[in-house]
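Got a minute to go through some structural vocabulary? Let's see how labels get attached to a protein model.

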Amino acid sequence: MIDAHIHYAASVGQDRLNTLIHEAHLEALALQCIPKGGTLPVEEDAFAFQAQCSVPVYIFGGLDRSVYDTASARSGISSLSEKLDSEVTRLMNMGCTGIKMLEGKPDVRKNFCVPDFDSPIWEAYWARLETEQIPVYMHVNDPEEFWDAEHVADYVKKAGWFYDETFIGNEEQYRQILCVLHRHPRLRILFPHFFFLSKQLERLACILDAFPEVRIDVTPGIELYYNLSAQGAKAREFFLTYKERILYGTDIGARALIRSENVPLDLDECRSRIKLIRGYLETDGGYLLESDGHYVAERQPAVMHGLGLPQPVLDNIYSRNFLNFIK
C-alpha cells in the first residue's frame with residue numbers, strides 16, 4: 001500500500017501520521033506539499049518527517065507563491081518565467097521527487113493572480129518538466145457544483161469555494177491545460193480527484209487515450225464516489241480499462257493544511273477517508289454508506305455499488321502505478 005496523496009505540516013503531528021501509517025499498513029507514502037494556510041511553505045517539515053519515518057517517503061514540493069508577485073505588467077514575461085524555473089531548480093535540489101501544484105484550484109488562482117497556464121509565461125516551465133520527466137501532481141478545478149449557485153452546499157460557501165463570475169470557469173481551465181498537453185504531450189502529470197470528471201467518464205477516457213503520460217487518482221471529494229457509484233458497470237469498465245493510470249491517495253491532512261491556525265491530524269477523519277475509498281474499490285456489489293460524523297458526514301444514507309476490483313488491478317492502484325509514475 002502506497003498512499004500517494006497525503007498533506008503534512010509539523011503542526012498536524014508526526015506521531016499522529018506515524019500512527020496512521022502503521023494502522024493502514026502503508027509501505028510508502030508521498031507528501032504533497034501545499035502551503036499551510038495558503039502562504040507558509042511546508043517542504044522542510046516534510047523532509048523532517050521523511051528523516052524519522054520507518055517507510056519510504058516521497059516528497060512533491062510546492063511552488064513558492066511569492067513568485068506570482070511578479071505577475072504584473074511591470075515585471076514582464078521573462079521575470080516570472082525565470083522565477084518559475086528557479087523554483088523547479090530549488091525543489092529538485094532539495095531532493096523532491098516531483099512537484100505539487102495547487103495553482104489550478106480557482107480560489108488559489110484568483111488570490112495569487114496565477115497566469116493562464118497556456119500563456120507564454122509558463123512555456124519554459126512546462127518544457128523543462130517534459131524534458132526532464134519530472135512528475136507533477138496538479139489540482140485543476142473543483143467539483144462542478146462549486147460553480148452552481150442552486151446546488152452548491154453551505155459548507156462550500158463557508159470555505160470560499162463557491163465560484164461566481166469573478167473566478168475562472170472550469171471549462172476555461174480545462175481548455176488551458178489541454179492546450180498545454182497538446183504542446184507537451186510527454187508531460188508526466190497527474191490530475192487528482194479524477195480530474196473532477198467523474199460524471200463525464202467518456203470525456204476523461206478521451207483525454208487519457210490522447211495523452212499516455214496523464215494519470216488520475218482516487219482522492220476524494222466525496223462526490224467522486226457518489227458519481228461513480230451512480231454509473232455502476234460503466235465505472236467498473238473504466239477502472240479495468242485504465243488500471244495502469246489510476247493511483248491511490250486519500251488527501252489526508254488537507255483540512256488541516258488549508259487553515260492558518262495549527263490543527264492536529266484528525267485520525268477518525270483519516271480512517272473515514274480510507275474506509276470510503278477502499279470500501280468502494282474492493283466491495284463487490286451493493287452496500288450501505290452511512291454518515292459516520294467524520295469525513296462521510298452531512299449526507300443521507302445511500303446504497304453504493306462497489307467495484308469489486310480483481311486483486312491485480314487493486315495492486316496496480318495501491319502501489320505499482322505510483323512507482324511507475326515516479327520511475
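Below are some questions about the labels, each with its reasoning.

Q: What kind of model is this, and how are its residues numbered?
A: It's a predicted model, where local features need pLDDT of at least 70 and side-chain atom pairs count only at pLDDT 80 or more, while totals for chains, interfaces and linings use all residues. Residues are numbered from 1 along each chain as its sequence is written, and side-chain values use heavy atoms, with hydrogens and water left out.

Q: Why is Arg273 called buried?
A: Buried means under 20% relative accessible area, exposed means over 50%, and partly exposed is in between (1.4 Å probe, protein chains only). Arg273 has 3% relative accessibility, so it counts as buried. Arg273 sits in helix H12; helices (H or I, at least four residues) and strands (E, at least two) are DSSP runs, numbered from the N terminus.

Q: What does Arg273 touch?
A: Contact means heavy atoms within 4.5 Å. Leaving out residues up to four places away in sequence, Arg273 touches Pro220, Thr250, Asp251, Ile252, Arg255 and Tyr295.

Q: What makes Pro310 partly exposed?
A: Pro310 has a relative accessible area of 34%, so it is partly exposed. You'll find Pro310 in the loop between strand S10 (302–307) and H13. Not counting residues up to four places away in sequence, Pro310 touches Arg236 and Leu240.

Q: What makes a group of residues a nonpolar core?
A: It's a set of buried Ala, Val, Leu, Ile, Met, Phe, Trp, Tyr and Cys residues joined through side-chain atoms within 4.5 Å. The largest one here has 100 residues, and Trp122, Trp126 and Phe194 touch the most other members. Helix H12 (residues 267–282) gives the most to this core, with 7 residues. Apart from it lies another core of 11 residues, including Ile2 and Phe60.

Q: How do you know that the length of helix H5 fits its residue count?
A: The expected span is 1.5 Å times one less than the number of residues. For the 13 residues of H5 (residues 120–132) that should give 18 Å, and the end C-alpha atoms are 19 Å apart, which agrees. Among the buried residues of H5 are Trp122 and Trp126.

Q: Why are the buried residues of H2 said to line one face?
A: In H2 (residues 43–52), the buried ones are Glu43, Ala46, Phe47 and Phe49. Seen down the axis, they fall within an arc of 155°, so they line one face of the helix. That arc is of the directions from the helix axis to the C-beta atoms. On the face turned away from the buried side you get the exposed residues Glu44 and Ala51.

Q: Why are H12 and H13 called roughly parallel or roughly antiparallel?
A: Axes are lines fitted to C-alpha atoms, for helices over the stretch in contact, and angles run from 0 to 180 degrees between N-to-C directions. Under 35 degrees counts as roughly parallel, over 145 as roughly antiparallel, 65 to 115 as roughly perpendicular and the rest as oblique. The axes of H12 and H13 (residues 311–326) come within 11 Å and cross at roughly 150°. That makes H12 roughly antiparallel to H13.

Q: What about H8 and H10?
A: H8 (residues 201–210) and H10 (residues 233–241) pack at an angle of about 10°, with axes 11 Å apart. H8 and H10 are therefore roughly parallel to each other.
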